Amino acid sequence: MLLQASGFRIPIEKYRLANGMRVILSPDNSAPVVTVYLIYGVGARSESKGRTGFAHLFEHMMFQGSENAPKGEHFRLVESNGGSLNGSTHPDYTDYFEVLPSNKLAVALWLEADRMRALAINEANLQNQKEAVKQERRLSFDNQPYNTALIEHWPKLAFRNWANSHSLIGSFEDLDAATVQDVARFFKTYYAPNNAVLVLAGDFDAAQAKKLVESYFSEIPPQPQPPRPDLSEPPQGEARWETYPDRLAKVPAVVIGYPGPRRRSADYYALVMLDIVLTGGDSSRFYQNLVKGRQSVIQYEANLGWPFAGPTDYLDPGNYAMFFLHHPQFTGKQIVAQVEEEIARVQKEGVPEKELARARTFLRAGRIRQLESTRARAMLLGQYELLDGDPELLNTELPAFLGVSGEQIREAALRYLRPTARCVLEIVPAPVGARQRKSGPSAAPSKSKTTKGKSR
Amino acid sequence: MRFLALFWLTMMLEGETIDRTRPPVTTDLPVYKLPPVSEHRLANGLEILLVHDNRLPLIHLRLGFPAGSKHDPPGLWGLSETTAALLIEGTTKRSARQIAELVTELGGALRAYSGPDVLLIEGSVLAENFDPFLELTADVARNANFPEDEVKLRKQNRKQELLAQRAQADFLAQQRMAQVLFGLHPYAHQEPTPETIDKLDRAALSAFRDRYLTPGRAVLVLVGDLPPTQKTLRMLESKLGDWPSKPAPAPPEARPPEPKRSIVLIDRPGSVQADLRIGRLAVTRRDPDYFPLLVANTILGGGASSRLFMNIREKQGFAYDAHSAVNALEEAGTLEVVTQVRNEVLGEAVQAVLAEMRRIAGEPVSADELAATRNYLSGVFVIRLETQQALAGQLAMTRLLGLPLDYLEQYTLRVRAADADQVRAAAARYISPEQAAIVVVGDAAKIRPALEKFGQVLQEEAP
């Protein structure tokens, strides 16, 4: 609404190749930069038992060479042409990007097409990347405060369906068990053009880009559309609470989450607005009342989809979840009570118009900031196509957020942020040498995450 | 250039001559052109840089001062960063809450922070609300009054944040390396300690602000949907023109010590990997060796195709990440190799890193490596300046570090001018590992023996 009113609109052209690959073009020649973004419809939630962490391990294999680009060539070619690159694995998708000076567009398309068509899969590369991934796990989780709790325990607490609840980084045991046959099968099933969206954003000529895309990608054969995993969760009947002693943490923390709404439902928009009221900026209620007023919370994060996604790539089932780093003179219980008091106030009184107007402006300005780089645009366009089937939402969705009323927020808070639907994970600093609790054998399920793939 | 590119694309698309077995041939990288920067100076000395960029209905602002942590008096580490943090927590006109609410109402974002050299107020706002946002920015820069309760809360929270930071091995390694390399120079203390936080008070913060936040050596950068018209300039003059200037004090005179080999091991029991840093004092951006060293560093460990990445990660599988970085501050610079390896291979990893450092310091780089690296540095430089936000940041830092604006346009040219001899000479001076310091954070019981092969190990408890 206001985004359009300010005359600002992202150009979007969408089409499909004969092999089913979806292509989105968003030209903007104001800076000599282009982003190539490929998003595949497979993530950690498609993994099978005994292969936790496989989607991410596979993502690493995508950088190990393809028929015409030997090992190391992907990095070398992109960088020696002045570009940067990376890939990442998420609960519901895996993505890859190259950002290049715009006269180098063809290089990225060539590389992406070559690996989509003929990835080099061999034992030596697989062994080497298992080690790299194990090191990544040690670096990003096992050797960091809080992160092991978040990736291993939080999903188990919040979900009951294994597809959602298992570890996204994977166990060393499962990583070791992966074979080249697994890699080849996964590649064939999921890395087909009909399971991918290619996005070009930035400085290019649309007609030329189309020809390039056609010539590089059109001969890659499609595969049967892979099945969607069953992600359904049973309704949560009672509150769950777990305490995790963390030998690396020195400051206590609490995670609080509630099962969230369907993506793009009316309550999805209402909860995004509620999140802004509670946590958006220094004028938010949590900042003013918990960090400032009660002086109990030191820092916090919250999001629909937290910790592995945000509103733009949230896919149900997911949580509205929050993380609080808090002063040690408060207990986790007290923090939860303070947060619930804030939630109860919204459930009782809704949100006053003045505060809601501020939240709308916050959202609108945030969206504009979010669209500054071609890379960010490409990612949003790809995610909206993959998850919604409609990249144009990037231009049209704002009114759905801005039109949410205080009363709708109140009702959504009542429906979703119920004490009986609540999960709490308390992370408590534990003395070195304390026994680290094993992740219990559980019928418990888990959830998503983001793992950085490549370089930096 | 453009014409050639079009021609080539057309050729390629029409023919059945498309050869998918080879990477496409593309034209050379273009030279970077800085967008027009409109430069002004108010009578009080405040330098103003405007870039009219209406891609988005947004304006980015940077108001920077040469007031970084190097100006913290000894024992009052954290003074600069705490002064910065408190700027938006109350002024003689507004309470912290009023500032926070106004920022959100304007569709803005506003914060202040400091690094080793500079203190920056950083913000952005919907273009339609620029006037009140500028007024607010001027208010926090000029009239912050450091309310007692806000100072107390910041100190309380900063101590907990510091505890949380110290739980991270990488933070410990980085801090300790700065101390080893910079010795008695104030760059050695870029973070506070709980004891120095305790000593900060309202009087010290006000005094620091009065002394260092003066327009005479400050720079204001505005990038966005704001035309550099007389009207704009009059508005800037009206909000900032009567801000009295004072002579800004020079930074303390101190020299970092001569580089020498030392090995520090910070014990972090339970660590499942060893955080390794190997570092040396290097150069500032003004040094003729800077660009050749940048090229040498990039070949050594600048990207995913660098020697360290290919060797330590892709070949040996020792680590997820292995890189090196040049950090050029205003008065001194460093070069550090950073990696995190599993405990069992620490000795081999140190050996491998030292060997790579020795190789680049002793042997000429290949023509291919040199060409690829010049392109890489030139290309990512252009990409880094893609957004309004990034351009605002680069313009501010360039001026605050005392560099001319055309430094940004010259960058890609100077990267490309670095030849193999200069690269080798710079590497020999600043990468050769004999005088490099080694800092490791990890489980001493598991890794100390491996480290002792490289010399005497000074073992410490984690702070």
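At what angle do the axes of helix 10 (residues 290–301) of chain B and helix 13 (residues 367–384) of chain B cross? These axes come within 10 Å and cross at roughly 105°. Axes are lines fitted to C-alpha atoms, for helices over the stretch in contact, and angles run from 0 to 180 degrees between N-to-C directions. Helix 10 of chain B and helix 13 of chain B are therefore roughly perpendicular to each other; angles under 35 degrees count as roughly parallel, over 145 as roughly antiparallel, 65 to 115 as roughly perpendicular and the rest as oblique.

This is a predicted model, in which local features need pLDDT of at least 70 and side-chain atom pairs count only at pLDDT 80 or more, while totals for chains, interfaces and linings use all residues. Residues are numbered from 1 along each chain as its sequence is written, and chains are lettered from A and ligands numbered from 1 in the order in which they are written.

On helix 10 of chain B, the residues B:Leu294, B:Val295, B:Thr298 and B:Ile299 meet B:Glu369, B:Thr373, B:Arg374, B:Tyr376 and B:Leu377 of helix 13 of chain B. Contact requires C-beta atoms, placed from the backbone, within 7 Å. Helices (H or I, at least four residues) and strands (E, at least two) are DSSP runs, numbered from the N terminus.

Chain B is assigned domain 1 (38–240) and domain 2 (263–461), with bounds from an automatic or database domain assignment. Over C-alpha atoms, the centres of the two domains are 29 Å apart. In the contact between them, 30 residues of domain 1 of chain B face 26 residues of domain 2 of chain B. Helix 6 of chain B gives the largest share of the domain 1 side, eight residues.

Between the chains, 68 residues of chain A are in contact with 66 residues of chain B. Helix 5 of chain A gives the most to the chain A side, with eight residues.

The table gives the residue classes; Ala, Val, Leu, Ile, Met, Phe, Trp, Tyr, Cys and Pro count as nonpolar, Asp, Glu, Lys and Arg as charged, and the others, Gly among them, as polar.

| Set of residues | Nonpolar | Polar | Charged |
|---|---|---|---|
| Contact of helix 10 with helix 13 of chain B | five residues | two residues | two residues |
| Side of domain 1 of chain B that touches domain 2 of chain B | 18 residues | five residues | seven residues |
| Side of chain A that touches chain B | 26 residues | 25 residues | 17 residues |

Technical notes
Contact = placed C-beta atoms within 7 Å.
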